[in-house]
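Q: Please take a close look at one part of this structure, the place where its strands pair. Then walk me outward from there in short steps.

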Amino acid sequence: MAGILLIEDDASVRTALELALTRQGHSVTSYATGEEGLDHIRSRRPEIAVLDVMLPGIDGVEVCRRIRRLDQLPVILLTARGDDLDIVVGLEAGADDYVVKPVEPRVLDARIRAILRRAESAASDRITFGDLVIDRGALKVTLAGKEIHLTPTELRLLLELVRHPGQVLNRRYLLREVWDHTHVADSRLVDACVQRVRAKIEPTPAEPVFIHTVRGFGYRFSPP
(Lines give C-alpha, C1' and ligand atoms only; values in the text may rest on other atoms or scores of the structure.)
Protein backbone atom coordinates (compact mmCIF):
# COMPACT_ATOMS: atom_id res chain seq x y z
CA MET A 1 0.00 0.00 0.00
CA ALA A 2 1.30 3.43 -0.94
CA GLY A 3 0.45 6.82 0.49
CA ILE A 4 -0.55 8.75 -2.63
CA LEU A 5 -1.12 12.48 -3.04
CA LEU A 6 -3.47 13.09 -5.98
CA ILE A 7 -3.92 16.63 -7.32
CA GLU A 8 -6.64 16.85 -10.00
CA ASP A 9 -9.06 19.75 -10.47
CA ASP A 10 -11.73 17.76 -12.34
CA ALA A 11 -13.96 16.45 -9.55
CA SER A 12 -15.26 13.44 -11.50
CA VAL A 13 -11.76 12.34 -12.57
CA ARG A 14 -10.41 12.92 -9.08
CA THR A 15 -13.15 10.85 -7.45
CA ALA A 16 -12.84 8.02 -9.98
CA LEU A 17 -9.06 7.77 -9.57
CA GLU A 18 -9.25 8.01 -5.80
CA LEU A 19 -11.78 5.16 -5.64
CA ALA A 20 -9.87 3.01 -8.12
CA LEU A 21 -6.51 3.44 -6.38
CA THR A 22 -8.10 2.85 -2.98
CA ARG A 23 -9.50 -0.45 -4.29
CA GLN A 24 -5.94 -1.38 -5.27
CA GLY A 25 -4.96 -1.02 -1.61
CA HIS A 26 -3.45 2.47 -1.65
CA SER A 27 -4.14 5.29 0.78
CA VAL A 28 -5.12 8.32 -1.31
CA THR A 29 -5.37 11.97 -0.28
CA SER A 30 -6.71 14.23 -3.03
CA TYR A 31 -6.91 17.96 -3.67
CA ALA A 32 -8.18 20.19 -6.46
CA THR A 33 -5.33 22.73 -6.44
CA GLY A 34 -1.55 22.71 -6.37
CA GLU A 35 -1.48 25.07 -3.41
CA GLU A 36 -3.46 22.61 -1.25
CA GLY A 37 -1.26 19.75 -2.36
CA LEU A 38 1.95 21.59 -1.48
CA ASP A 39 0.57 22.45 1.96
CA HIS A 40 -0.17 18.75 2.49
CA ILE A 41 3.39 17.73 1.56
CA ARG A 42 4.83 20.20 4.06
CA SER A 43 2.71 18.78 6.88
CA ARG A 44 2.49 15.10 5.92
CA ARG A 45 4.82 13.62 3.30
CA PRO A 46 3.21 11.05 0.97
CA GLU A 47 5.17 8.29 -0.77
CA ILE A 48 4.33 9.55 -4.27
CA ALA A 49 2.52 12.48 -5.91
CA VAL A 50 0.25 12.23 -8.96
CA LEU A 51 -0.32 15.65 -10.54
CA ASP A 52 -2.57 16.84 -13.32
CA VAL A 53 -0.63 19.24 -15.56
CA MET A 54 -3.58 21.59 -16.12
CA LEU A 55 -4.45 22.93 -12.68
CA PRO A 56 -6.00 26.26 -11.68
CA GLY A 57 -3.53 28.68 -10.11
CA ILE A 58 -0.21 26.84 -9.85
CA ASP A 59 -0.12 24.29 -12.67
CA GLY A 60 1.19 20.75 -12.30
CA VAL A 61 4.61 21.51 -13.78
CA GLU A 62 5.20 24.32 -11.31
CA VAL A 63 3.98 22.09 -8.47
CA CYS A 64 6.56 19.53 -9.58
CA ARG A 65 9.30 22.18 -9.58
CA ARG A 66 8.35 23.27 -6.05
CA ILE A 67 8.27 19.67 -4.83
CA ARG A 68 11.80 19.23 -6.18
CA ARG A 69 12.97 22.22 -4.16
CA LEU A 70 11.62 20.57 -1.01
CA ASP A 71 12.07 16.85 -1.56
CA GLN A 72 12.97 13.98 -3.91
CA LEU A 73 9.41 12.70 -3.69
CA PRO A 74 8.48 10.61 -6.78
CA VAL A 75 6.13 12.46 -9.16
CA ILE A 76 3.85 11.20 -11.94
CA LEU A 77 2.21 13.74 -14.28
CA LEU A 78 -1.22 13.33 -15.86
CA THR A 79 -1.09 14.95 -19.31
CA ALA A 80 -3.52 15.69 -22.12
CA ARG A 81 -3.39 13.28 -25.05
CA GLY A 82 -0.73 14.23 -27.58
CA ASP A 83 0.49 17.27 -25.62
CA ASP A 84 4.19 16.60 -26.10
CA LEU A 85 5.22 20.05 -24.86
CA ASP A 86 3.64 19.42 -21.45
CA ILE A 87 5.40 16.06 -21.26
CA VAL A 88 8.84 17.43 -22.12
CA VAL A 89 8.53 20.43 -19.81
CA GLY A 90 7.23 18.22 -17.01
CA LEU A 91 10.11 15.77 -17.34
CA GLU A 92 12.62 18.62 -17.35
CA ALA A 93 10.96 19.93 -14.17
CA GLY A 94 11.80 16.63 -12.47
CA ALA A 95 8.81 14.34 -13.02
CA ASP A 96 9.62 10.62 -12.85
CA ASP A 97 6.94 9.45 -15.27
CA TYR A 98 3.73 10.48 -17.00
CA VAL A 99 0.38 8.95 -17.92
CA VAL A 100 -1.70 10.27 -20.81
CA LYS A 101 -5.37 11.10 -20.25
CA PRO A 102 -7.93 9.62 -20.23
CA VAL A 103 -6.25 7.74 -17.42
CA GLU A 104 -6.69 3.99 -17.18
CA PRO A 105 -6.53 3.31 -13.39
CA ARG A 106 -4.76 -0.04 -13.87
CA VAL A 107 -2.04 1.66 -15.91
CA LEU A 108 -1.62 4.38 -13.28
CA ASP A 109 -1.47 1.76 -10.53
CA ALA A 110 1.22 -0.16 -12.45
CA ARG A 111 3.29 3.01 -12.92
CA ILE A 112 2.99 3.87 -9.22
CA ARG A 113 4.09 0.38 -8.16
CA ALA A 114 7.00 0.44 -10.61
CA ILE A 115 8.30 3.74 -9.20
CA LEU A 116 8.01 2.48 -5.63
CA ARG A 117 9.91 -0.69 -6.56
CA ARG A 118 12.74 1.49 -7.88
CA ALA A 119 13.05 3.11 -4.48
CA GLU A 120 13.43 -0.28 -2.80
CA SER A 121 15.61 -2.19 -5.27
CA ALA A 122 19.29 -1.74 -4.49
CA ALA A 123 22.12 -4.08 -3.64
CA SER A 124 24.07 -3.57 -0.42
CA ASP A 125 27.47 -2.43 -1.62
CA ARG A 126 29.51 0.71 -2.05
CA ILE A 127 31.09 1.75 -5.34
CA THR A 128 33.67 4.50 -5.77
CA PHE A 129 34.58 6.30 -8.99
CA GLY A 130 37.06 8.99 -8.00
CA ASP A 131 35.06 11.64 -6.14
CA LEU A 132 31.76 9.92 -6.95
CA VAL A 133 30.66 7.39 -4.30
CA ILE A 134 27.51 5.30 -4.69
CA ASP A 135 26.28 3.43 -1.62
CA ARG A 136 23.56 1.09 -2.84
CA GLY A 137 22.70 -0.19 0.62
CA ALA A 138 22.11 3.30 1.99
CA LEU A 139 20.71 4.55 -1.35
CA LYS A 140 23.11 7.45 -1.04
CA VAL A 141 25.30 9.21 -3.61
CA THR A 142 28.08 11.63 -2.72
CA LEU A 143 30.36 13.74 -4.89
CA ALA A 144 33.57 15.07 -3.33
CA GLY A 145 32.08 14.29 0.09
CA LYS A 146 28.83 16.18 -0.55
CA GLU A 147 25.58 14.23 -0.65
CA ILE A 148 23.76 14.36 -3.99
CA HIS A 149 19.98 14.12 -3.71
CA LEU A 150 18.49 11.93 -6.45
CA THR A 151 14.90 10.89 -6.97
CA PRO A 152 14.24 7.12 -6.90
CA THR A 153 14.06 7.09 -10.70
CA GLU A 154 17.28 9.09 -11.08
CA LEU A 155 19.01 6.76 -8.64
CA ARG A 156 17.69 3.67 -10.39
CA LEU A 157 18.94 5.00 -13.74
CA LEU A 158 22.38 5.75 -12.33
CA LEU A 159 22.60 2.32 -10.70
CA GLU A 160 21.65 0.62 -13.96
CA LEU A 161 24.34 2.51 -15.87
CA VAL A 162 26.91 1.77 -13.15
CA ARG A 163 26.10 -1.95 -13.34
CA HIS A 164 27.47 -1.94 -16.90
CA PRO A 165 30.55 0.31 -16.89
CA GLY A 166 31.94 0.93 -20.34
CA GLN A 167 28.92 -0.63 -22.07
CA VAL A 168 26.47 1.27 -24.26
CA LEU A 169 22.90 0.83 -23.00
CA ASN A 170 20.22 1.75 -25.51
CA ARG A 171 17.10 3.68 -24.58
CA ARG A 172 14.78 0.70 -25.07
CA TYR A 173 16.81 -1.34 -22.57
CA LEU A 174 16.84 1.50 -20.03
CA LEU A 175 13.09 2.04 -20.42
CA ARG A 176 12.48 -1.63 -19.67
CA GLU A 177 14.87 -1.89 -16.73
CA VAL A 178 14.25 1.47 -15.05
CA TRP A 179 10.67 2.40 -15.95
CA ASP A 180 9.15 -1.00 -16.83
CA HIS A 181 8.07 0.55 -20.14
CA THR A 182 8.31 -1.05 -23.54
CA HIS A 183 7.01 1.73 -25.82
CA VAL A 184 9.94 3.23 -27.69
CA ALA A 185 8.15 6.61 -27.94
CA ASP A 186 8.75 7.01 -24.20
CA SER A 187 12.50 7.36 -24.82
CA ARG A 188 12.23 11.02 -23.81
CA LEU A 189 11.86 9.75 -20.24
CA VAL A 190 15.41 8.42 -20.52
CA ASP A 191 16.86 11.56 -22.11
CA ALA A 192 15.26 13.90 -19.57
CA CYS A 193 16.35 11.75 -16.63
CA VAL A 194 19.92 11.53 -17.92
CA GLN A 195 20.00 15.33 -18.18
CA ARG A 196 18.84 15.67 -14.57
CA VAL A 197 21.39 13.15 -13.27
CA ARG A 198 24.17 14.87 -15.20
CA ALA A 199 23.17 18.21 -13.70
CA LYS A 200 23.65 16.69 -10.25
CA ILE A 201 26.78 14.55 -10.58
CA GLU A 202 28.80 16.02 -13.45
CA PRO A 203 31.31 18.80 -12.64
CA THR A 204 30.36 20.37 -15.99
CA PRO A 205 27.08 18.86 -17.27
CA ALA A 206 27.67 20.12 -20.82
CA GLU A 207 30.96 18.19 -20.87
CA PRO A 208 30.11 14.98 -18.98
CA VAL A 209 32.86 12.80 -17.59
CA PHE A 210 30.66 10.04 -16.14
CA ILE A 211 27.62 9.55 -18.40
CA HIS A 212 28.45 9.76 -22.11
CA THR A 213 26.03 9.93 -25.02
CA VAL A 214 26.64 7.52 -27.88
CA ARG A 215 24.66 9.15 -30.68
CA GLY A 216 22.17 6.87 -32.38
CA PHE A 217 22.52 4.22 -29.67
CA GLY A 218 22.15 5.35 -26.06
CA TYR A 219 24.31 6.06 -23.01
CA ARG A 220 27.52 4.71 -21.50
CA PHE A 221 28.85 5.11 -17.96
CA SER A 222 32.61 5.59 -18.35
CA PRO A 223 34.17 7.21 -15.28
CA PRO A 224 37.51 8.96 -15.77
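A: Start with one pair of residues. Ile 7 stands opposite Tyr 31, which belongs to strand 2. Keep in mind that this is a predicted model.

The pair sits where two strands meet. Strand 1 covers residues 3-7, and it pairs with strand 2 in the parallel sense. There are 5 bridges between strand 1 and strand 2.

Now widen the view. The open sheet holds 5 strands, in the order 2-1-3-4-5. Their pairing is parallel. Strand 2 (27-31) is an edge strand, and so is strand 5 (97-100). Each of these two pairs on one side only. From one strand to the next, the twist averages 20°.

Go back to Ile 7, because it leads to the next residue: Ile 7 is among the contacts of Asp 52, if residues up to four places away in sequence are left out. On that count, Asp 52 also touches Glu 8, Asp 9, Gly 60, Leu 78 and Lys 101. Asp 52 lies in strand 3, which spans residues 48-52. Is Asp 52 buried or exposed? Its relative accessible area is 4%. The cut-off for buried is under 20%, so Asp 52 is buried. Asp 52 also carries a label from a record. UniProt, in an unreviewed entry, places the feature "modified residue: 4-aspartylphosphate" there.

Next, look at another set of paired strands. Strand 6 (residues 126-129) and strand 7 run antiparallel, joined by 4 bridges. Here Ile 127 stands opposite Ile 134 of strand 7. The hairpin of strand 6 and strand 7 has 2 residues between the strands. In that hairpin, Gly 130 takes a positive phi near 65°.

Strand 7 has a partner in strand 8 (residues 140-143) too. Strand 7 and strand 8 also run antiparallel, with 4 bridges joining them. Leu 132 has Leu 143 of strand 8 as its bridge partner. The hairpin of strand 7 and strand 8 has 4 residues between the strands, and Leu 139 takes a positive phi near 50° in it.

Where do the side chains of strand 7 point? In a regular strand, side chains alternate between the two faces of the sheet. In strand 7 (residues 132-135), Leu 132 and Ile 134 point one way. Val 133 and Asp 135 point the other way. All of them are buried.

Leu 139 now takes us to a helix. Leu 155 touches Leu 139, along with Val 141 and Leu 150, not counting residues up to four places away in sequence. Leu 155 is found in helix 6. Its relative accessibility is 10%, so Leu 155 counts as buried. The rest of the helix follows suit: 11 of the 11 residues of helix 6 (residues 152-162) are buried, so this helix is largely enclosed by the rest of the structure. Among the buried residues of helix 6 are the charged Glu 154, Arg 156 and Glu 160.

One more step takes us along the chain. Leu 155 and Val 197 are 42 residues apart in sequence, but 8.2 Å apart in space, C-alpha to C-alpha.

End with Arg 198, in helix 8 (residues 187-201). Arg 198 is buried yet has no salt bridge. The nearest side chain of opposite charge is Glu 202, 4.8 Å away. A salt bridge needs the atoms within 4 Å, so this pair does not count. Leaving out residues up to four places away in sequence, Arg 198 touches Pro 205, Pro 208, Ile 211, His 212, Thr 213 and Tyr 219.

Notes
Residues are numbered from 1 along each chain as its sequence is written. This is a predicted model: local features need pLDDT of at least 70, side-chain atom pairs count only at pLDDT 80 or more; totals for chains, interfaces and linings use all residues. Side-chain values use heavy atoms; hydrogens and water are left out. Buried means under 20% relative accessible area, exposed over 50%, partly exposed in between (1.4 Å probe, protein chains only). Contact means heavy atoms within 4.5 Å. UniProt positions are given in the numbering used here, feature names are shortened, and annotations may be inferred rather than shown by experiment. Two strands pair if DSSP finds at least two bridges between them. Axes are lines fitted to C-alpha atoms, for helices over the stretch in contact, and angles run from 0 to 180 degrees between N-to-C directions.
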